Amino acid sequence: METVLITLVVELTWKQRGNADIGVDPTVYNGLLGTAVTCLRSYEATGNHQDLVLCSDIVDKCTVLARASHRHLTFLCGRGGVYALGAVVSHYMRDPQKLDFFFNLFLKAAEEKALPIDLKKEAGASDNPDCPLMFRWHGTRYYGAANGLAGILQPKDKLVQWSHGATGIGITLCKLHRGSSMENGLVKEVGLADGVAGNAYAFLSLYRLTGESVYEERARAFGTYLYHNASKLVATQNQVGGDRLFSLFHGLAGTACLWFDLLEPEKSRFPGYEL
């Protein structure tokens with residue numbers, strides 16, 4: 001099923017739109033680079049060299065687009081992710097010259113100013129002196145991994161997504177050798193950032209940390225839920241349009257990565273977040 005899904009993602013995000021120079025998002029989060037990450041995950045899971053070649057081709061296209069833009073430097077939403085993934089793929093391809101090329105691009109980007117003035121205005125937004133680095137994302141404080149501080153230990157209400165809430169905290173705490181889970185709430189989307197696939201990865205992290213089968217079973221339950229409901233969930237989100245529905249963090253590419261990781265849960269890693 002995962003290979004069928006990745007074929008669909010590649011068809012709709014790369015084969016039908018990859019040759020365009022205008023209107024293509026080259027980033028990991030909602031863009032074409034997320035398809036490259038998914039192809040790389042497929043290669044790692046199956047050993048299919050064609051997936052690696054396809055990943056390399058997509059990265060090359062994203063590199064051209066990213067170098068023409070100077071808006072972002074971050075891994076998820078900017079050039080940093082393109083250059084980092086390019087280096088990883090070049091390593092797999094055993095191409096030291098290309099590896100140096102991407103490594104140098106990454107270092108050059110890292111030397112640039114990483115915190116725009118408008119973002120600085122949002123920093124220091126904490127009401128708690130014990131957490132001076134708290135900041136606002138578009139005017140709101142979040143606890144999650146993408147848009148907030150995953151080190152905040154008390155998620156509110158039903159913010160259980162990786163990007164905003166408890167899922168990001170759970171994974172982060174696992175990396176700190178502590179456990180965490182979600183008691184309620186489930187966002188009815190398919191992606192890693194705000195959806196079911198991201199929630200499943202919290203339990204995969206707990207499984208790797210503790211070895212307790214209950215966490216693997218819960219992760220598989222999320223995977224099974226997506227198997228039966230992904231098409232329906234995407235249909236209800238169809239008004240969003242564009243490649244977002246097939247992107248890594250908000251679409252079906254994230255679901256494909258989850259299914260690959262469920263084949264070997266002890267080797268699972270949240271794409272772009274866990275090493």
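In this predicted model, residues 24 or more positions apart account for 56% of those contacts in the protein chain that have a separation of 6 or more. The protein chain holds 275 residues, and 49% of them are buried. Its secondary structure consists of ten helices and two strands. Read from the N terminus, the order of elements is α-α-α-α-α-α-β-β-α-α-α-α, with the two strands placed between a run of six helices and a run of four.

Turning to the outside of the protein chain, about 14,100 Å² is exposed, and 54% of this area is supplied by carbon and sulfur atoms. Met1, Val4 and Tyr227 together make a nonpolar surface patch of about 330 Å². Of these residues, Met1 sits in the segment before α1 (2–15). Met1 has a relative accessibility of 48% and therefore counts as partly exposed, since the exposed class begins over 50%.

The second largest pocket is also worth a look. This pocket offers about 570 Å³ of space, and its lining is made up of 23 residues. Lying nearest the centre of the pocket are Leu40, Glu44, Pro271, Gly272 and Glu274. Several helices take part in the lining: α2 (32–46), α4 (79–92) and α10 (252–263) each provide at least two residues. The largest share comes from α2, which contributes five residues to the lining of the second largest pocket.

Definitions and conventions. Residues numbered from 1 in each chain as written. Predicted model: local features only at pLDDT ≥ 70, side-chain atom pairs only at ≥ 80, totals over all residues. Heavy atoms only, no water. Buried < 20%, exposed > 50% of the residue type's maximum accessible area, 1.4 Å probe, protein only. Contact = heavy atoms within 4.5 Å. Areas by Shrake-Rupley, 256 points an atom, 1.4 Å probe, with all protein chains shown as cover. Patch = residues over 30% accessible without salt bridge, like charges linked within 9 Å, V, L, I, M, F, W, Y side chains within 5 Å. Salt bridge = Lys/Arg side-chain N within 4 Å of Asp/Glu carboxyl O. 1 Å grid on protein atoms, 1.4 Å probe; cavity = no way out; pocket = protein on both sides within 12 Å on 5 of 7 lines; lining within 4 Å. Points joined across faces, edges and corners; volume = space filled by probe spheres on them.
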